[in-house]
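Let us walk through this structure step by step, beginning with charged side chains and then turning to nonpolar ones. Please keep the sequence and the model side by side as you read.

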Amino acid sequence: MKTQKIIGIIVAGMLLSEGCNKTENTVEEKKKILLKYKQEYSELGGKIKKIEKEIQDIYSKTGENIQENITLVTTLKLSTKEFHHEIEMRGNVESRNNVIISAETLAKTINIFVKEGQWVNEGQKLIQLDGSILENSLNEIKNNLEMARTMFEKQSALWEKKIGTELQYLQAKTNKEGLENRLATVESQMLQTSIRAPFNGKIDHIFAKNGEIVSPGIPLIRIVSPTNMSIKVDVSESYTGKFHDGEPVKIYFSEQNKTIKSSISSVQQVINPESRSFKIDINLPQAPFSILPNQTALVYLIDYLNKKAITIPTRLIQRDLSGYYIYKISKTETKTTAQKISITLGASFDGETEILTGLQDNDQIIDKGYRDVLDNLEVKVVEQ
């Protein structure tokens, strides 16, 4: 008998009937109505059980085949297994090698060797700035340095023979060393006129134009490496302590309808006082499809894990006034019955719910037919 459906229809009818009475609006009146319904619900359940027992007694006395009236059910055998719960967060793709190269010296752009979208290698020349003034200074310093070195060598030889004064020797030495330092400085400035790629990557944007005068800090070119990217996720402080380095994550890209697996590379240890959140950095492995910086993705983080959990399909869980319950199989030498078991629920995820109390390993719970049974009702277990 579909007892629970009958009770539900009757209770719903009573609720609908009473709800039409617009005069009963106070909390106390509603409490009285609720108490009345609970009493009627309990009495109705007892009456149904009494009638079911009387029917079974009649079958026993008349000798009719009771087996034809036994509810058929299928079962699931429980066993401990790993269970986890995930939360869904939105993340942003960032490139660890995404830089804008700026000018370091005042000069004119005389040559741009690359185009936007071009792949370049580390050390490859990208832009050449005018270094003619520096080159002239470099040649002048080299000539003066050659003379200074000659003078220093001669003065040093004389000083070893105690000829000349120590002041003359020190002046020659200081002059030579000063020119050597100036030479190193100008050579360093000359290197700054050749803009080179700091790493392997793709030219994303070129800001510079040929013939344009640039100064220190002015952007020249943006280069991005698609091989060294990560995903940043802002997580509420309520999840503090839930996530750790190296834990697995799933990343879903809706634009490509693709999912890849990765792991947490770092968890920020400081809460942002404005957003009350902290950042999680996730490694982004090389994917068989294009991923661009600033692209968004859905990140699935595991916030709860139990390696030895008892879980059941969430759809099998029922609830009455006493709380949550499930039906499991109880066997004796003469018959098999459904036994109503009160349970305590844990986390639920992906159609499965963790059971904290009430069930254990190797229990057999009723699957198909679970809505057609009652406590201590005889059932017959059939194969799926």
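How many salt bridges does a search of the whole structure find? The model is a predicted one, and a search through the whole of it finds 12 salt bridges. As general background, side chains of opposite charge can pair when their charged atoms come close.

A good place to start is aspartate 281, which forms a salt bridge with arginine 96, where the closest N and O atoms are 2.7 Å apart. Aspartate 281 belongs to strand 15 (residues 277–284), while arginine 96 sits in the loop between strand 3 (81–95) and strand 4 (98–102), so this pair ties together parts that are 185 residues apart in sequence. The two partners can also be described by their accessibility: aspartate 281 is buried, with a relative accessible area of 6%, whereas arginine 96, at 38%, counts as partly exposed.

Aspartate 281 also takes part in a salt bridge with lysine 232, and here the closest N and O atoms are 2.5 Å apart. Because lysine 232 lies in strand 12 (residues 229–236) and aspartate 281 in strand 15, the pair ties together parts that are 49 residues apart in sequence. Lysine 232 is partly exposed, its relative accessible area being 27%. Taken together, Arg96, Lys232 and Asp281 are linked in a network of salt bridges.

Elsewhere, aspartate 367 forms a salt bridge with arginine 315, with 2.9 Å between the closest N and O atoms. This pair links distant parts of the chain, 52 residues apart, since aspartate 367 is found in the loop between strand 23 (364–366) and strand 24 (379–381) and arginine 315 in the loop between strand 17 (311–313) and strand 18 (318–320). Aspartate 367 is buried, at 5% relative accessible area, and arginine 315 is partly exposed, at 47%.

We can now turn to the nonpolar side chains. In soluble globular proteins, such side chains tend to be buried together. The largest nonpolar core here has 24 residues, of which Ile231, Ile251, Phe253, Ile280, Ile282, Leu284 and Leu301 touch the most other members. At least two residues of this core come from each of strand 3, strand 12, strand 13 (248–253), strand 14 (258–267), strand 15 and strand 16 (296–309). If its neighbours within four places in sequence are left aside, leucine 284 is in contact with several residues, including Val93, Ile231, Ile251, Phe253 and Ile260. A second, separate core has 22 residues, among them Ile329, Ala338, Tyr370 and Val373.

Terms used. Residues numbered from 1 in each chain as written. Predicted model: local features only at pLDDT ≥ 70, side-chain atom pairs only at ≥ 80, totals over all residues. Heavy atoms only, no water. Salt bridge = Lys/Arg side-chain N within 4 Å of Asp/Glu carboxyl O. Helix = DSSP H or I, 4+ residues; strand = E, 2+ residues; numbered from the N terminus. Buried < 20%, exposed > 50% of the residue type's maximum accessible area, 1.4 Å probe, protein only. Core = buried A, V, L, I, M, F, W, Y, C linked by side-chain atoms within 4.5 Å. Contact = heavy atoms within 4.5 Å.
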